[in-house]
Amino acid sequence: MIHGLSVDVEDYHQIVSKNYLDKDIAPSAEVERNTLYLLETFAHVGVKATFFVLANVARAYPALIRQIAAAGHEVGVHGYEHTLIYTMSRSIFKSSIARAKEEIEAITGCAVQGHRAPAFSITKDAAWAYDILKELGFVYDSSVYPIRGKRYGIPDAPRHIHRLTNGLYEVPLASIKLLGFSIPVAGGGYLRYFPFFWTVYAMKRIEHEGRPAVVFIHPYEFEETPPSAFPYGVPLPLRLKLHNTLQAFNRGKRHRGKLRSLLARYRFAPIRELVQHYAHCLTEKADFLSP
Ligand SMILES: [Zn+2]
């Protein structure tokens with residue numbers, strides 16, 4: 001079984017500064033350093049992935065994005081400024097995602113096929129985003145967690161890759177059903193916080209169902225410096241201090257080890273290859289999008 005490997009290329013400090021301090025800062029050098037680490041690690045084991053790039057990171061580090069493409073990885077779009085789609089109007093989403101796609105395509109010289117919403121923010125309330133993505137030439141989206149989450153998730157969405165009625169493919173993030181609950185697994189904090197044997201168990205369940213697991217990681221999860229060491233230039237509010245403490249857990253060396261174990265144990269490919277592989281056997285299914 002070949003699984004999907006994806007990296008959401010964003011800068012931790014830029015996003016945190018915007019969300020917690022209402023302050024726009026340029027992406028820090030951490031995003032470049034840790035993306036380079038991932039490129040080296042992937043090259044070492046000969047694996048290719050999809051890098052969903054935030055356009056403002058691409059603007060700040062165009063050479064990095066060219067390097068990702070030159071190494072044979074797929075480059076997709078992760079929005080312009082990590083704004084949640086369900087907080088945007090349709091016209092603002094359309095102009096910002098069109099601009100992000102154009103700028104990233106101009107940097108790599110390759111057409112972008114894939115989209116991942118910031119914080120999986122295509123929910124049922126934002127399902128209108130699919131038609132905009134299709135209109136702008138995206139081939140697939142990979143933003144849906146088939147779970148009942150607080151901030152994201154479409155609980156009754158299929159767990160397998162499926163084709164929407166407008167022709168766009170949806171490649172959901174990895175989840176399993178346990179005791180009647182849909183549980184997110186093998187990505188971001190769901191990969192980092194839990195012991196590796198749990199991920200192995202979840203991957204086994206997914207493989208038994210005959211579907212690929214879509215795994216995602218972020219460059220900042222591999223950073224050795226604790227998040228609290230970053231100079232924001234202002235006193236940090238308590239909730240940001242708490243967020244930093246939570247985010248420091250299992251980062252850096254420990255997560256590097258976990259990624260190496262994951263890459264040694266499973267076969268991975270970029271998401272566009274999963275779409276090509278499964279496209280022939282998919283039926284249209286979009287009932288779950290109706291309210
Ligand atoms: Zn993100």
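This passage walks through a zinc site, some aromatic contacts, a pair of helices and a few single residues in a predicted model.

A good place to begin is the metal. Three protein residues donate atoms to the zinc ion: Glu10 through OE, and His78 and His82 each through NE2. These donors lie 1.9 to 2.1 Å from the zinc ion. Along the chain, the donor residues follow the spacing E-x67-H-x3-H. The glutamate is thus written well ahead of the two histidines, with 67 positions between Glu10 and the next donor, while three positions separate the histidines from each other. As for their surroundings, His78 and His82 are both buried.

Aromatic rings come next. A pair of aromatic rings is described by the distance of the centres and the angle of the planes. The structure holds 14 aromatic pairs. One of them joins Phe42 and Phe51: the ring centres are 6.0 Å apart and the planes meet at 65 degrees, so this pair is edge-to-face. The reasoning is easy to follow, because planes over 60 degrees apart count as edge-to-face. Phe42 and Phe51 are also both buried. Elsewhere, five residues form one aromatic cluster, namely Phe120, Tyr145, Tyr152, Tyr190 and Phe216.

Rings can also have a charged neighbour, and two arginines show this. Arg251 lies over the face of Tyr12, at 5.7 Å from the ring centre. Arg256 is placed over the face of Tyr37, and here the distance to the ring centre is 3.9 Å.

The next topic is how two helices sit against each other. Two packed helices are described by the angle between their axes and the distance between the axes. Helix H8 covers residues 196-208 and helix H10 covers residues 253-265; the two pack at an angle of about 30 degrees, with axes 11 Å apart. That angle makes H8 roughly parallel to H10, because the cut-off for this description is an angle under 35 degrees. The crossing of H8 past H10 is right-handed.

Thr199 offers a closer look at helix H8, where this residue is found. Its relative accessibility is 1%, so Thr199 counts as buried. Thr199 and Leu262 are 63 residues apart in sequence, yet their C-alpha atoms are 8.9 Å apart in space. Val185 provides another example of a buried residue, again with a relative accessibility of 1%. This valine is found in the loop between strand S9 (181-184) and helix H7 (188-192). From Val185 to Ala70, 115 residues away along the chain, the C-alpha separation is 30 Å.

Finally, two residues stand out for their backbone angles. Most residues other than glycine have a negative phi, and most peptide bonds are trans. Asp22 is not a glycine, but it has a positive phi of about 55 degrees. Asp22 belongs to the loop between helix H1 (12-21) and helix H2 (29-45). With a relative accessible area of 74%, Asp22 is exposed. Ala119 is not a glycine either, and its phi is positive at about 50 degrees. This alanine lies in the loop between strand S4 (114-115) and helix H6 (129-135). Ala119 has a relative accessible area of 19% and is therefore buried, since the limit for that word is under 20%.

Key. Residues are numbered from 1 along each chain as its sequence is written. This is a predicted model: local features need pLDDT of at least 70, side-chain atom pairs count only at pLDDT 80 or more; totals for chains, interfaces and linings use all residues. Side-chain values use heavy atoms; hydrogens and water are left out. Donors are N, O and S atoms within 2.8 Å of the metal (3.2 Å for Na, K and Ca); water is not among the atoms, so sites may look incomplete. Buried means under 20% relative accessible area, exposed over 50%, partly exposed in between (1.4 Å probe, protein chains only). Rings of Phe, Tyr and Trp (its six-membered ring) pair if their centres lie within 6.5 Å; planes under 30 degrees apart count as stacked, over 60 as edge-to-face and the rest as tilted. A charge sits over a ring if NZ of Lys or CZ of Arg is within 6 Å of the ring centre and within 35 degrees of the ring normal. Axes are lines fitted to C-alpha atoms, for helices over the stretch in contact, and angles run from 0 to 180 degrees between N-to-C directions. Helices (H or I, at least four residues) and strands (E, at least two) are DSSP runs, numbered from the N terminus. Angles under 35 degrees count as roughly parallel, over 145 as roughly antiparallel, 65 to 115 as roughly perpendicular and the rest as oblique. A crossing is left-handed if the near helix is turned anticlockwise from the far one by less than a right angle, and right-handed if clockwise.
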